[in-house]
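Visitor: I am new to this structure and should be grateful for a close look at a single part of it. Kindly begin with one residue and the helix that holds it, and then lead me outward from there.

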Amino acid sequence: MENRTNFFHLHLISDSTGETLISAGRAASAQFRSAQPIEHVYPLIRNRKQLLPVLQAIDDAPGIVLYTIVDRELASLIDERCVEMGVASVNVLEPVMNAFQIYLGAPSRRRVGAQHVMNAGYFARIEALNFTMDHDDGQMPDDYNDADVVIIGISRTSKTPTSIYLANRGIKTANIPIVYGVPLPESLFAATKPLIVCLIATTDRISQVRENRILGATQGFDREHYTDRAAISEELKYARSLCARHNWPLIDVTRRSIEETAAAIVALRPKLR
């Protein structure tokens, strides 16, 4: 029997940026292989005037409604109108806030965008992002000891996107390419503060990614050697030997998303302290 993908409308209404909703909606949608969401994101909805056109859009394209609206009046209006339209609606944060209120014995402040306040944590994330961009692909090797994490690995093991993801969580991350036969910077071996972790993948996976890479017009670039499986095997063998010699942990990213790789790195940090 032919597998067909069904599409449905997923309406995401937020009084803030909508990031929480997007993550929740995609996490739930991923559990249904035969259904693909058509996302409609409505951020910064904070009054009735802004909400009414959104409700009309839902009526025009019925589906599932997820929302994070802390204003009780607006939340009630969404629920009432969705019932009238026969559309399922879920206030994503309300069950969580209720659990917090019961446990803490205090009401929530119901402040819009509270998670995006420009506090010390926010500026720490900005600092981590700046550090990570400055230390991408082996740049500025003299201050690796200021990093929280240093990621090493051969080409196409997702070092840069993983570093940026960690930086968004406030973790200063540098990344260094491992090139067969080329020594790593001495400053890396002298660093005592950061967790040093190596990303690897299967030979086939790396070759596939390199084949699909959009190559520039770099003079002297050897595409055949870059994608050759035997050469990649040697690169991986060299990376593994470096890690074994220095007792650096390895993470295989072959079947991991960037988020899963970052989570594995975060999990390693307390274990190695």
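Guide: Y226 lies in helix α9 of what is a predicted model. Because residues under 20% relative accessible area are classed as buried, Y226, at 11% relative accessibility, counts as buried. Y226 and G181 stand 45 residues apart in sequence, and their C-alpha atoms are 15 Å apart in space.

The helix that holds Y226 leads to the largest pocket, since α9 (223-227) is one of the elements that each supply at least two residues of its lining. The others named with it are α6 (159-167), β6 (173-177), α8 (203-212), α10 (229-246) and α11 (258-271). The most is given by α8, with four residues. The volume of this pocket is about 610 Å³. It is lined by 32 residues, and those closest to its centre are I154, S155, R156, T157 and K159. In character, the lining comprises 13 nonpolar residues, nine polar ones and 10 charged ones.

Two of these lining elements, α6 and β6, also meet another helix: the buried residues of α5 pack against α6 and β6. Helix α5 covers residues 120-134, and its 15 residues should span 21 Å at 1.5 Å a residue; its end C-alpha atoms are 21 Å apart, so the two values agree. Within α5, A128, F131 and T132 are buried. They take up an arc of only 95° around the axis, which means that they lie on the same side of α5.

Helix α2 may be read in a similar manner. It runs over residues 48-60, 13 residues in number, and reaches 19 Å from its first C-alpha to its last, close to the 18 Å expected at 1.5 Å a residue. Its buried residues are L51, V54, L55 and I58. Viewed down the axis of α2, these fall within an arc of 105°, and therefore line one face of the helix. On the other side of α2, the residues K49, P53 and D60 are exposed. The cover over the buried residues of α2 includes β1 (6-14), β2 (35-42), β3 (63-68) and α3 (72-85).

One further residue completes the view. S29 lies in helix α1, which comprises residues 19-29, and S29 is buried, with a relative accessible area of 11%. Leaving aside neighbours within four places in sequence, S29 is in contact with F8, L10, A35 and P37.

Technical notes. Residues numbered from 1 in each chain as written. Predicted model: local features only at pLDDT ≥ 70, side-chain atom pairs only at ≥ 80, totals over all residues. Heavy atoms only, no water. 1 Å grid on protein atoms, 1.4 Å probe; cavity = no way out; pocket = protein on both sides within 12 Å on 5 of 7 lines; lining within 4 Å. Points joined across faces, edges and corners; volume = space filled by probe spheres on them. Nonpolar A, V, L, I, M, F, W, Y, C, P; charged D, E, K, R; others polar. Expected span 1.5 Å × (residues − 1). Buried < 20%, exposed > 50% of the residue type's maximum accessible area, 1.4 Å probe, protein only. Arc of directions from axis to C-beta. Contact = heavy atoms within 4.5 Å.
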